Amino acid sequence: MMKTISFRLNGQAVSLKADPARRLLDIIREDFDCKGAKEGCGEGECGACAVLLDGCLVNSCLLTAAMVAGKNIWTIEGYRETERFRLLKAKLDEHGSVQCGFCTPGFIMAAEALLSKNPHPTEAEVREGLSGNLCRCTGYTMIVDAVLAAAREGEGSW
Ligand code: FES
Ligand code: FES
């Protein structure tokens, strides 16, 4: 049975009629054209679909419409309007961390979730914070270095 589901998406109040079991990943991509979140594994293992829910990193392939009612969701489309995004993106570019780019939105959301809670992470903490995200191209070190640089050079941003 369809239900009206209301939540906030990138700072805007939105609502839609949906099957409460419909996946958040499909809702944001198909109904709201937020295509930065990607379908990789579809099983919560790769982080390609990562978004923020009330500030916490979540895999949108595992969330249903019912689970996000009344919540605050940020996708890369909203986050990319921020200074913090620009800093992270610049550091990822400088370190050659964006190759095919499939994983990049998920890594950026994971980095934001990490840095907003821990603005001065150690390398081990960055690796831990990004451990739910898979990248087939970079070998991870370039991404970790970029996030460490963003933390260091973005002093006061997080
Ligand atoms: S597609 Fe959601 S975690 Fe892989
Ligand atoms: S840059 Fe290709 S999967 Fe990460």
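**A sheet and two helices in a predicted model**

Let me begin with the sheet, which is open, has 5 strands in the order S2-S1-S5-S3-S4, and is held together with mixed pairing. I should say at once that this is a predicted model, and what I describe should be heard in that light.

The edges of the sheet are strand S2, residues 12-18, and strand S4, residues 56-59, each of which pairs on one side only. Going from one strand to the next, the twist averages 40°.

As a reminder, the strands of a sheet pair through backbone hydrogen bonds, and they may do so either parallel or antiparallel. In the case of strand S1, residues 3-9, and strand S5, residues 72-74, the two run parallel and are joined by 2 bridges. If you would like to find this pairing on the screen, look for Arg8, whose bridge partner in S5 is Asn72.

Now to the helices, starting with H5, which lies across strands S3 (50-53), S4 and S5, and runs at about 35° to S3.

How do H5 and H7 cross? The axes of H5, residues 104-117, and H7, residues 141-153, come within 11 Å and cross at roughly 40°, and the two helices are therefore oblique to each other. As for handedness, H5 passes H7 in a right-handed crossing.

On the H5 side, the contact is made by Phe107, Ala111, Leu114 and Leu115, while H7 contributes Ile143, Val147 and Ala151. Sorted by class, this contact of H5 with H7 has 7 nonpolar residues, with no polar and no charged ones.

Terms used:
Residues numbered from 1 in each chain as written. Chains lettered and ligands numbered in written order. Predicted model: local features only at pLDDT ≥ 70, side-chain atom pairs only at ≥ 80, totals over all residues. Heavy atoms only, no water. Axes fitted to C-alpha atoms, helices over the stretch in contact; angles between N-to-C directions. Helix = DSSP H or I, 4+ residues; strand = E, 2+ residues; numbered from the N terminus. Parallel < 35°, antiparallel > 145°, perpendicular 65-115°, else oblique. Left-handed = near helix turned anticlockwise from the far one by under 90°. Contact = heavy atoms within 4.5 Å. Nonpolar A, V, L, I, M, F, W, Y, C, P; charged D, E, K, R; others polar. Pairing = 2+ DSSP bridges.
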